[in-house]
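Colleague: Could you take me through this model, giving the reasoning behind each value?

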Amino acid sequence: MDVASTASASGGGRWYTGMSADNIKGLVLALSSSLFIGASFIIKKKGLKKAASSGVRAGVGGYSYLYEPLWWVGMITMIVGEVANFAAYAFAPAILVTPLGALSIIISAVLAHVMLREKLHIFGILGCVLCVVGSTTIVLHAPPEREIESVTEVWDLATEPAFMCYAAVVIAIVAMLVYRFVPLYGQTHVMVYIGVCSLVGSISVMSVKALGIALKLTFSGTNQLIYPQTWAFTLVVISCVITQMNYLNKALDTFNTAVVSPIYYTMFTSLTILASVIMFKDWDRQNPTQIVTEMCGFVTILSGTFLLHKTKDMADGGLSTSSSFRLPTSSSVRFSKQTDNDGEGIPLRSSESFRSSH
């Protein structure tokens with residue numbers, strides 16, 4: 001990657017080839033999102049512990065945490081992080097923003113070690129390092145954001161034959177999973193619920209990005225709310241978020257979080273990158289070396305996340321501080337279960353019972 005000595009004033013500003021001014025904004029927003037969301041897990045957990053000392057624990061059906069100000073500070077912190085994550089998609093391609101979701105568990109793991117005195121295994125530290133290295137690799141080689149001047153341009157991209165075929169395949173597979181495999185294998189095979197979440201999630205991210213672009217253009221003076229396409233994308237986002245929330249909750253309610261989180265992150269991020277490549281043609285603006293380097297960075301992040309979750313089980317007997325990776329959609333998806341696994345929801349099946357069910 002050739003480093004430019006100065007930013008280009010006429011080209012939107014570039015630090016180096018591939019890192020546009022919009023990419024930098026998206027990067028800052030994505031990193032801020034990871035910081036806020038990672039910290040929110042710890043703040044909420046401290047609030048839960050404080051509430052449990054004077055009331056019924058959330059894990060056994062109590063709601064005393066709702067009267068604990070510290071828990072609400074954590075919830076507000078998470079909302080801020082979700083808003084930043086949503087905004088990041090308006091400026092940077094999904095192939096840059098989505099993988100950075102792994103950084104939130106690094107932050108929560110480090111803060112848990114410092115603030116909650118939870119042990120961080122040496123291999124957990126290695127996992128954190130791998131996530132940082134992989135994220136840095138992706139950031140340095142991410143494609144520039146596509147120049148879009150109207151939400152109708154995004155609609156045209158979404159209705160091209162290639163993406164329509166992808167969407168049709170996703171809908172067909174999801175329908176088959178929901179109506180055939182969920183009743184038979186949902187309680188015994190983690191891939192069923194996660195498959196639904198990941199497939200629907202890849203569509204939701206594209207719609208979130210479209211909606212984010214529409215709002216960005218509207219706030220900059222070009223009203224996009226007058227176009228029916230904006231509201232069509234909004235309906236898709238709402239539908240996808242409800243579906244994701246439902247099946248992610250089912251997965252987390254049935255299986256151990258340390259099993260669900262890395263598998264979900266892998267499938268969700270992989271499918272989101274695929275959807276972005278098809279719809280926004282991210283790789284058309286890159287050479288083969290950049291593409292391969294991005295994939296290597298992604299694999300490095302995956303290795304780090306699996307290592308982190310595995311060593312969390314080694315360190316504290318299966319208790320995971322950060323309960324799941326971020327869904328880059330509306331905040332309701334993450335709230336619905338990440339808070340539960342901080343102690344507010346339904347107990348998860350143990351790792352031993354998960355293994356024995358197979």
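Colleague: Which residues make the nonpolar surface patch, and what is its area?

Modeller: In this predicted model, the patch is made by Ile 122, Phe 123, Ile 125, Leu 126, Val 129 and Val 133. Taken together, these residues give a nonpolar surface of about 520 Å².

Colleague: Is Val 129 buried, exposed or partly exposed?

Modeller: Val 129 lies in helix H5, which covers residues 122-141. Its relative accessible area is 44%, and because the class between buried and exposed runs from 20% to 50%, Val 129 counts as partly exposed.

Colleague: Which residues of H5 are buried?

Modeller: A residue is placed in this group if its relative accessible area is under 20%. In H5 the residues that meet this cut-off are Gly 124, Gly 127, Cys 128, Cys 131, Gly 134, Ser 135, Thr 137, Ile 138, Val 139 and His 141.

Colleague: How far apart are the end C-alpha atoms of H5, against the span expected for its 20 residues?

Modeller: The expected span is 1.5 Å times one less than the number of residues, and for the 20 residues of H5 this comes to 28 Å. The end C-alpha atoms agree with that expectation, being apart by 29 Å.

Colleague: How far apart in space are Ser 32 and Ala 88?

Modeller: Ser 32 is found in helix H1, residues 21-52, and is partly exposed, with a relative accessible area of 24%. In sequence, Ser 32 and Ala 88 are 56 residues apart, while the C-alpha to C-alpha distance in space is 9.6 Å.

Colleague: How many aromatic pairs are there, and what is the geometry of Trp 155 and Phe 233?

Modeller: The count comes to 6 aromatic pairs. For Trp 155 and Phe 233, the ring centres are 5.5 Å apart and the planes stand at 70°. The pair links distant parts of the chain, with Trp 155 in helix H6 (residues 151-158) and Phe 233 in helix H9 (residues 228-254), 78 residues apart. Because planes over 60 degrees apart fall in that class, the geometry of Trp 155 and Phe 233 is edge-to-face.

Colleague: Which of the two, Trp 155 or Phe 233, is buried?

Modeller: Trp 155, at 32% relative accessibility, counts as partly exposed. At 5%, the residue that counts as buried is Phe 233.

Colleague: What class of aromatic pair do Tyr 193 and Tyr 247 form?

Modeller: Tyr 193 lies in helix H8 (residues 190-219) and Tyr 247 in helix H9, so the pair ties together parts that are 54 residues apart in sequence. Both tyrosines are buried. With 6.2 Å centre to centre and 40° between the planes, the pair of Tyr 193 and Tyr 247 is tilted.

Terms used
Residues numbered from 1 in each chain as written. Predicted model: local features only at pLDDT ≥ 70, side-chain atom pairs only at ≥ 80, totals over all residues. Heavy atoms only, no water. Patch = residues over 30% accessible without salt bridge, like charges linked within 9 Å, V, L, I, M, F, W, Y side chains within 5 Å. Areas by Shrake-Rupley, 256 points an atom, 1.4 Å probe, with all protein chains shown as cover. Salt bridge = Lys/Arg side-chain N within 4 Å of Asp/Glu carboxyl O. Helix = DSSP H or I, 4+ residues; strand = E, 2+ residues; numbered from the N terminus. Buried < 20%, exposed > 50% of the residue type's maximum accessible area, 1.4 Å probe, protein only. Phe/Tyr/Trp six-rings, centres within 6.5 Å; stacked < 30°, edge-to-face > 60°.
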